[in-house]
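Student: Before I inspect the packing myself, I would like a close look at the nonpolar core. Please set that part in the context of the whole chain.

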Amino acid sequence: QAFLSGVIDEVLLWDEALPLDDITLHYEAGSTPLDGQLTSERVTQILDWIGWPADLRDIDTGLTTCQSSDLGGNAWDYLNRVAETENGAVFVDGEGKVVFRNRTHFLTQTASSYTFGDDGGTEVPFDDVQFDYGEAQVTNEARVSRLGGVTRVATNSSSVTNFGPYGITRDGLLHDTDQESQDHADYLTSD
């Protein structure tokens with residue numbers, strides 16, 4: 001007769017015997033949770049875990065591969081971290097759908113969502129339009145790192161010369177390589 005000598009952590013109990021395939025899936029999820037998923041797959045997994053209905057989702061295919069990470073905290077904060085990792089967006093639309101947009105979504109849309117005008121009809125009316133030239137629209141220095149990775153820096157020197165330095169720091173992102181951190185920083189500071 002053998003006895004366990006050690007500590008058991010994070011015990012799960014079921015009221016029925018699990019098939020071997022389910023046991024294997026649980027083991028793999030615990031040893032490298034969600035490793036190698038695209039950001040869209042990570043969003044889908046989190047929404048599945050919290051029971052969000054499939055018909056209340058609109059999820060673009062992600063372009064960034066995520067590393068294994070701690071899943072602590074609440075689901076909405078984690079979804080926002082995934083969107084930041086993608087350089088995309090996550091939000092709930094007017095129909096109650098969770099929407100995930102990858103980083104190219106807004107750059108590749110050719111159809112107008114709304115037409116603004118003052119002629120009535122189907123146009124969305126407006127009173128006045130003003131452009132925001134404020135510093136919140138400028139990022140010319142970026143410091144980006146992933147969980148367990150090295151901080152990568154990008155600077156747009158001509159923008160710094162013209163507008164002064166406006167920096168952003170994004171750390172603890174979920175992508176799986178330091179090169180992705182550099183690409184992310186370069187993207188944030190591009191013209």
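**Charge, fold and core**

Tutor: Let us begin with charge: the protein carries 10 positive and 34 negative charges, and the mean positions of the two groups are 6 Å apart. The model under discussion is predicted, and every value that follows is computed from it.

The overall frame comes next. The protein contains six helices and six strands, which succeed one another along the sequence in the pattern α-α-β-α-β-β-α-β-β-α-β-α. The C-alpha trace spans about 80 × 45 × 25 Å along its principal axes. The radius of gyration is 22 Å, whereas a compact globule of 191 residues would have a value near 16 Å. Of the 191 residues, 29% are buried. The surface exposed by the protein amounts to about 13000 Å², of which carbon and sulfur atoms supply 50%. Among contacts with a separation of 6 or more, 64% join residues 24 or more positions apart.

Now to the part you asked about. The largest nonpolar core holds 13 residues, and the members that touch the most others are V43, L79 and V82. Two or more residues of this core come from each of helix 2 (39-49), helix 3 (75-86) and strand 3 (98-101). Helix 3 is the greatest contributor, with four residues. What does V43 contact beyond its neighbours within four places in sequence? The partners of V43 are I59, L79, V82 and F100. Two of these partners, L79 and V82, are thus also named with V43 among the members that touch the most others. Apart from this core there is a second, separate one of six residues, including V144, A154, A185 and L188.

A leucine in a loop offers a further point of detail. L147 is found between strand 4 (141-146) and strand 5 (152-155). Is L147 buried, partly exposed or exposed? L147 counts as partly exposed because its relative accessibility is 36%, and the partly exposed class runs between 20% and 50%. When residues up to four places away in sequence are set aside, L147 touches Q67, S69, G172, L173 and L174. One of these partners, Q67, is 80 residues from L147 in sequence, yet the C-alpha atoms of L147 and Q67 are 8.4 Å apart in space.

Technical notes
Residues are numbered from 1 along each chain as its sequence is written. This is a predicted model: local features need pLDDT of at least 70, side-chain atom pairs count only at pLDDT 80 or more; totals for chains, interfaces and linings use all residues. Side-chain values use heavy atoms; hydrogens and water are left out. The radius of gyration is taken over C-alpha atoms; the globule rule is 2.2 Å times the number of residues to the power 0.38. Buried means under 20% relative accessible area, exposed over 50%, partly exposed in between (1.4 Å probe, protein chains only). Contact means heavy atoms within 4.5 Å. Accessible areas come from the Shrake-Rupley method with a 1.4 Å probe; for residues, only the protein chains shown count as cover. Lys and Arg count as positive and Asp and Glu as negative; His and the chain ends are not counted. The place of a charge is taken as NZ of Lys, CZ of Arg, CG of Asp or CD of Glu. A nonpolar core is a set of buried Ala, Val, Leu, Ile, Met, Phe, Trp, Tyr and Cys residues joined through side-chain atoms within 4.5 Å.
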